[in-house]
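Open the structure in your viewer and clear any selection. The stops below say what to pick next and what is there.

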Amino acid sequence: MKTNSIERKYVVPGDVVIEGDHNPIANVIKEGNKIISTKIGMAEIAYNGVKVIPLNGTYIPRTDDVVIGKVVEMNGFAWEVDINSWFFGILTGSSVFGRGFSSSKDSMQSQFKKGDCLVAKILSFDRTRDPLMSVSGPGLGKIKEGEITYITSSKIPRVIGKKGAMIKLIEEHTNCHMTIGQNGAILLKGTDDGRLKAKSAIELIGNNAHLSDLNDRVISLISK
Amino acid sequence: MPAVKKHRIVDAITLDSIMSKLSDSKRTDDRGLLDYRKIEIETNILKDKTNGSAKVKIGDTEVWAGIKVETANPFPDTPAEGVMTCNAEMLPISSQYVEPGPPDEDTIELSRVSDRGIRESGMIDVSELCIKEGELVYSVYIDVAVINEDGNLFDAVAYAGTTALLQADMSKFTIENDEVKMLEEREKLPIKSLPISTTFAKIGDKIIIDPNADEQEIATARLTLVTDENGKYVSAQKGKPGGFTFEELKEISVISKEKGEEIRKMIKEAVNNGA
């Protein structure tokens with residue numbers, strides 16, 4: 001298929017998504033000339049390959065993802081951050097204090113305490129060890145105000161929309177500022193009413209992520 | 001390293017928003033201090049597997065209850081009384097903090113408190129569960145499973161257990177020539193009252209009803225009161241290290257009866273609609 005059209009269909013694990021010479025991208029395996037799904041979800045067959053977007057599932061970290069997490073544990077050298085996954089993010093003291101970090105001189109408590117929320121970037125991850133994170137960079141660091149709401153991480157692309165169209169739409173109608181973590185956590189900053197509206201819009205996206213008229217549904221919900 | 005999340009940690013910004021809302025006498029989900037979340041009650045959800053069943057949702061908290069009525073030998077010290085046990089368990093799917101294996105102390109407390117509410121109110125007349133004194137009695141098993149956890153499990157488990165009991169039935173029997181014969185015909189269990197549990201939590205100096213998971217975690221004290229139809233307090237359980245003043249307890253005891261009456265109506269309606 002050398003066109004831009006995308007063919008979509010629902011699959012369960014074991015379903016043959018398509019037969020022929022296709023490139024497996026994500027959540028599919030290739031056996032002979034069959035592409036077989038490994039997840040429950042929506043299969044997308046495009047010219048560059050076949051992938052399955054799972055309906056549900058836990059976040060699996062990827063390098064360079066921006067995530068929103070919560071500090072759950074700390075010791076003299078690092079913070080452990082719950083990033084809505086089965087891995088904990090590791091934020092080392094030296095990545096926060098710099099190269100001269102010394103666990104006896106620098107107070108870990110002064111930067112992040114248990115229960116603090118933060119926006120961080122995943123530096124490296126290889127599925128065998130917990131992901132290393134960093135908070136140095138624009139937009140990263142401790143969260144001082146706002147509200148965090150959660151959605152299945154595989155549906156985050158629908159919250160963002162084409163070139164950020166959905167974010168823009170929700171932000172304009174609710175006067176909320178949204179920070180999106182690839183792990184499914186979304187930080188909302190704004191008035192109480194705005195946040196409530198944005199939350200219901202995100203919930204709607206979570207329940208109807210597979211529909212093509214999602215944009216219209218969100219507009220009719222938040223322009224009320 | 002396995003990612004075992006031992007207990008819930010309320011993050012700093014949620015804590016801030018709960019506290020600032022509470023100082024305006026509001027909750028984070030826009031209800032009042034003394035409002036329950038939406039309660040949904042459904043009966044007879046496990047038709048073929050149980051003698052009576054119910055599903056109760058309080059907000060995002062969801063529990064299922066099933067009743068099994070079987071025959072058993074009576075305990076030697078109560079030869080003419082039936083047996084009733086109520087057991088609650090947390091399924092690992094209910095929350096990310098629950099692991100498979102033997103129940104932890106919170107789950108045991110949950111189980112004991114729900115059992116106590118039903119037992120001490122005399123909801124089931126155990127003397128009517130006797131088939132043949134000293135030899136055979138009915139034993140009623142109430143099993144409650146927590147499907148999803150978002151605080152206030154004490155109330156959810158109690159409502160599910162009592163709703164299922166109201167709807168449950170057992171087979172009739174006859175005794176011919178000293179032989180017990182079970183009949184096809186079914187009859188309702190001997191229900192005498194309907195105890196209703198209400199759970200309060202204290203955050204700062206505010207008393208709230210029906211705490212959600214985050215509120216329950218940061219609360220300094222928790223009190224579960226069970227009242228019956230006659231306005232009698234049949235059981236109570238206090239949790240967490242903090243305390244209540246005498247005035248607060250007086251206030252709670254009045255609210256507990258009022259709320260109990262509302263929820264009793266709700267449960268009766270659900271049972272009548274379902275039957």
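## Stop 1: chain B as a whole

Select chain B of this predicted model. Among its contacts between residues at least 6 apart in sequence, 68% join residues at least 24 apart. Colour by secondary structure: chain B has five helices and 12 strands. The radius of gyration of chain B is 20 Å, close to the 19 Å that the globule rule gives for 275 residues, so chain B is as compact as a globular protein of that length. Along the principal axes, its C-alpha trace spans about 70 × 50 × 35 Å. Buried residues make up 37% of the 275 in chain B.

## Stop 2: where the chains touch

Now show both chains. How many residues does each chain bring to the contact? Chain A gives 16 residues and chain B gives nine residues. On the chain A side, pick strand 8 (66-74) and strand 14 (147-150): each supplies at least two residues of the side that touches chain B. Colour that side of chain A by class, and seven nonpolar, two polar and seven charged residues appear.

## Stop 3: a three-stranded sheet in chain A

Stay on strand 14 of chain A. This strand belongs to an open sheet of three strands, in the order 14-16-15, with antiparallel pairing. Why do strand 14 and strand 15 (177-180) of chain A each have one side without a neighbour in the sheet? Both stand at the edges with a single partner strand, so one side of each is left free of a neighbour there. Neighbouring strands of the sheet are turned by 25° against each other on average, direction ignored.

Zoom in on strand 14 and strand 16 (residues 185-189) of chain A. Four bridges join this antiparallel pair. Pick A:Tyr150: its bridge partner in strand 16 of chain A is A:Ala185.

Next, add helix 4 (residues 192-207) of chain A. Helix 4 packs on the sheet and touches strand 14, strand 15 and strand 16 of chain A. The direction of helix 4 makes about 155° with that of strand 16 of chain A.

## Stop 4: two helices side by side

Select helix 3 (residues 165-174) and helix 5 (residues 214-222) of chain A. Their axes come within 10 Å and cross at roughly 10°. That makes helix 3 of chain A roughly parallel to helix 5 of chain A, because angles under 35 degrees count as roughly parallel.

Show side chains here. From helix 3 of chain A come A:Met166, A:Leu169, A:Ile170, A:His173 and A:Thr174. They meet A:Val218, A:Ile219 and A:Ile222 of helix 5 of chain A. By class, this helix contact has six nonpolar, two polar and no charged residues.

Technical notes: Residues numbered from 1 in each chain as written. Chains lettered and ligands numbered in written order. Predicted model: local features only at pLDDT ≥ 70, side-chain atom pairs only at ≥ 80, totals over all residues. Contact = placed C-beta atoms within 7 Å. Nonpolar A, V, L, I, M, F, W, Y, C, P; charged D, E, K, R; others polar. Pairing = 2+ DSSP bridges. Axes fitted to C-alpha atoms, helices over the stretch in contact; angles between N-to-C directions. Parallel < 35°, antiparallel > 145°, perpendicular 65-115°, else oblique. Rg over C-alpha atoms; globule rule 2.2 N^0.38 Å. Buried ≥ 20, exposed ≤ 12 C-beta atoms within 10 Å, placed from the backbone.
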